[in-house]
Amino acid sequence: MRILSCCRMKRTDTMRKSSLKTSKSSVHETKPSKNADALSTIARSISMNTGGTKQRIMAEDVLRNGGRVPAEVVAVKQLDRNGVQGNREFLAEVLTLSLVHHTNLVNLIGYCADGRQRILVYDYMQNGSLEDQLLDLPLNKKPLDWYTRMQIAKGAAQGLEYLHDTANPPIIFRDFKASNILLDENFNPKLSDFGLAKLGPTGEQDHVSTRVMGTYGYCAPEYAKTGKLTTKSDVYSFGVVFLEIITGRRAIDSTKPPEEENLVDWATPLFKNRRKFTLLADPLLEGKYPVKGLFQAVAVAAMCLQEEASTRPLIGDVVTALEYLAMATDEVTSEADTAQDD
Ligand SMILES: Nc1ncnc2c1ncn2[C@@H]1O[C@H](COP(=O)(O)OP(=O)(O)O)[C@@H](O)[C@H]1O
Ligand SMILES: [Mg+2]
């Protein structure tokens, strides 16, 4: 068997093989697999090199098993070994991903807890994260086209819909952002990083009270102020990501002039003027988007970003709108047509 392990981790320390060799007994698979020893094999085989300032680690190891098992690629994440938060996130991730299964949620293959070592093993997503494809795209790579963007938004919304409406009790994702949306080889989106996920309110309650966690720029205003978390907090974060998808701009970008640093603050005045909607479209699209589709997408983003949580749509309604927007029925237009349509 040949295993290539791609690892991204918070800390840059090198993990020694020997520490993992002893962990065979505490390596667990989240569901039964034909290769009963696969996970312990992975854990034994990991060797790592540190990956610079972004604290990414690529680990590559080759194991041979008589050539019977086909090549397999997995992603391995090592959580911060020090501190309570790392352990809490590990537990939240393992518990949540063991309970929920959906095509738009990343698949956890297994986990390993050994001493202070906390390791998670996932299906490897070939196209990295939405952040990589949308906001950190190398100059020589083709930008995502309009309909791929809408398909990604639709799938990511379906992942949230499953967590909010199908999971029982509901789950609030709490850290919905571009770097937590992974893309497989066909650009199908999968939500990942469930370390902050929280069980939603039950009974009469409409919210859960928690410490404010999440990522600046994506956090709903009422949650940031009061710590009261609802599924509508995720809908707000979805609105921010959807705006990133439309504009190709980051939620917070300190390289921009001060009035453009915060994406929502920059875009909100433009929402009020339909004639200015086209200013919101990512220049990398080079005008190749359906005008009506752009208008409708901006309207959906604006609804999700309402200050008042109760006026935001349910994620199920967002999915319905996106199913329509992701269908390639409209003619993709050019910038010139856009001006005329206006
Ligand atoms: N299963 C995976 N396949 C491919 N890349 C992944 C996978 N999981 C994470 N990554 C990459 O590593 C980054 C960080 O992973 P994440 O689980 O969000 O950890 P963190 O806690 O550091 O945010 C992601 O944005 C993505 O680029
Ligand atoms: Mg993350």
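# Exercises on helix packing and loop geometry

The protein chain of this structure contains eleven helices and twelve strands. The coordinates come from a predicted model, in which the chain averages a pLDDT of 79 and 74% of the residues score at least 70.

## Exercise 1. Confidence at the two ends

Task: state how the pLDDT stands over residues 1-26 and over residues 336-342, and how many contacts beyond near neighbours in sequence each stretch has in the model.

Solution. Over residues 1-26 the pLDDT is below 50, and this stretch nevertheless has 72 contacts in the model beyond near neighbours in sequence. Turning to residues 336-342, the pLDDT is again below 50, and the contacts counted in that way number eight.

## Exercise 2. Overall packing

Task: determine what percentage of the residues in the protein chain is buried, and what percentage of the contacts between residues at least 6 apart in sequence joins residues at least 24 apart.

Solution. Of the 342 residues in the protein chain, 39% are buried. Among the contacts between residues at least 6 apart in sequence, 70% join residues that are at least 24 apart.

## Exercise 3. Helix H5 and helix H7

Task: classify the relative direction of helix H5 and helix H7 from the crossing angle of their axes, and describe the residues that make the contact.

Solution. Helix H5 covers residues 146-166 and helix H7 covers residues 231-247; their axes come within 11 Å and cross at roughly 170 degrees. Since angles over 145 degrees count as roughly antiparallel, H5 and H7 are therefore roughly antiparallel to each other. The contact is made on the H5 side by Arg149, Ile152, Ala153, Ala157, Leu160 and His164, and on the H7 side by Thr231, Asp234, Phe238, Phe242 and Ile245. Sorted by class, the residues of this contact are seven nonpolar, two polar and two charged.

## Exercise 4. Helix H10 between two partners

Task: work out how H10 is oriented relative to H5 and relative to helix H9, giving the handedness of each crossing.

Solution. Begin with H5: its axis and that of helix H10 (residues 315-325) come within 9 Å and cross at roughly 155 degrees, which makes H5 roughly antiparallel to H10. The crossing of these two helices is left-handed. On the H5 side the contact includes Met150, Lys154, Gln158 and Asp165, while among the residues they meet in H10 are Ile315, Val319 and Leu322. The full contact of H5 with H10 divides into nine nonpolar, three polar and four charged residues.

Continue with helix H9 (residues 291-304), whose axis comes within 11 Å of that of H10 and crosses it at roughly 165 degrees; H9 and H10 are therefore roughly antiparallel as well. Their crossing is left-handed. Gly293, Gln296, Ala297, Val300 and Cys304 of H9 make the contact with Val318, Ala321 and Leu325 of H10. This contact has six nonpolar and two polar residues, and no charged ones.

## Exercise 5. Backbone geometry in the loops

Task: describe the peptide bond from asparagine 168 to proline 169, and then give the sign of phi, together with the burial, for aspartate 193 and glutamate 286.

Solution. As background, most residues other than glycine have a negative phi, and most peptide bonds are trans. The bond from asparagine 168 to proline 169 is cis, with omega near -5 degrees, and proline 169 lies in the loop between H5 and strand E7 (171-172).

Aspartate 193, in the loop between strand E9 (189-191) and strand E10 (198-199), has a positive phi of about 75 degrees. Its 22 C-beta neighbours inside 10 Å make aspartate 193 count as buried, because the threshold is 20 or more. Glutamate 286 lies in the loop between helix H8 (263-271) and H9, and its phi is also positive, near 50 degrees. With 12 other C-beta atoms within 10 Å, glutamate 286 is exposed, since the cut-off for that class is 12 or fewer.

## Exercise 6. Two partly exposed loop residues

Task: locate glycine 217 and alanine 328, and explain why each is classed as partly exposed.

Solution. Glycine 217 is in the loop between strand E11 (208-209) and helix H6 (221-226). It has 17 other C-beta atoms within 10 Å and is therefore partly exposed. Not counting residues up to four places away in sequence, glycine 217 touches Val240, Ala251, Ile252 and Asn262.

Alanine 328 lies in the loop between H10 and helix H11 (335-341), and its count of 14 other C-beta atoms within 10 Å makes alanine 328 partly exposed. Although alanine 328 and threonine 148 are 180 residues apart along the chain, their C-alpha atoms are separated by 9.8 Å.

Note on methods
Residues are numbered from 1 along each chain as its sequence is written. Chains are lettered from A and ligands numbered from 1 in the order in which they are written. This is a predicted model: local features need pLDDT of at least 70, side-chain atom pairs count only at pLDDT 80 or more; totals for chains, interfaces and linings use all residues. Axes are lines fitted to C-alpha atoms, for helices over the stretch in contact, and angles run from 0 to 180 degrees between N-to-C directions. Helices (H or I, at least four residues) and strands (E, at least two) are DSSP runs, numbered from the N terminus. Angles under 35 degrees count as roughly parallel, over 145 as roughly antiparallel, 65 to 115 as roughly perpendicular and the rest as oblique. Two residues are in contact if their C-beta atoms, placed from the backbone, lie within 7 Å. Ala, Val, Leu, Ile, Met, Phe, Trp, Tyr, Cys and Pro count as nonpolar, Asp, Glu, Lys and Arg as charged, and the others, Gly among them, as polar. A crossing is left-handed if the near helix is turned anticlockwise from the far one by less than a right angle, and right-handed if clockwise. pLDDT is the predictor's confidence in each residue, from 0 to 100.
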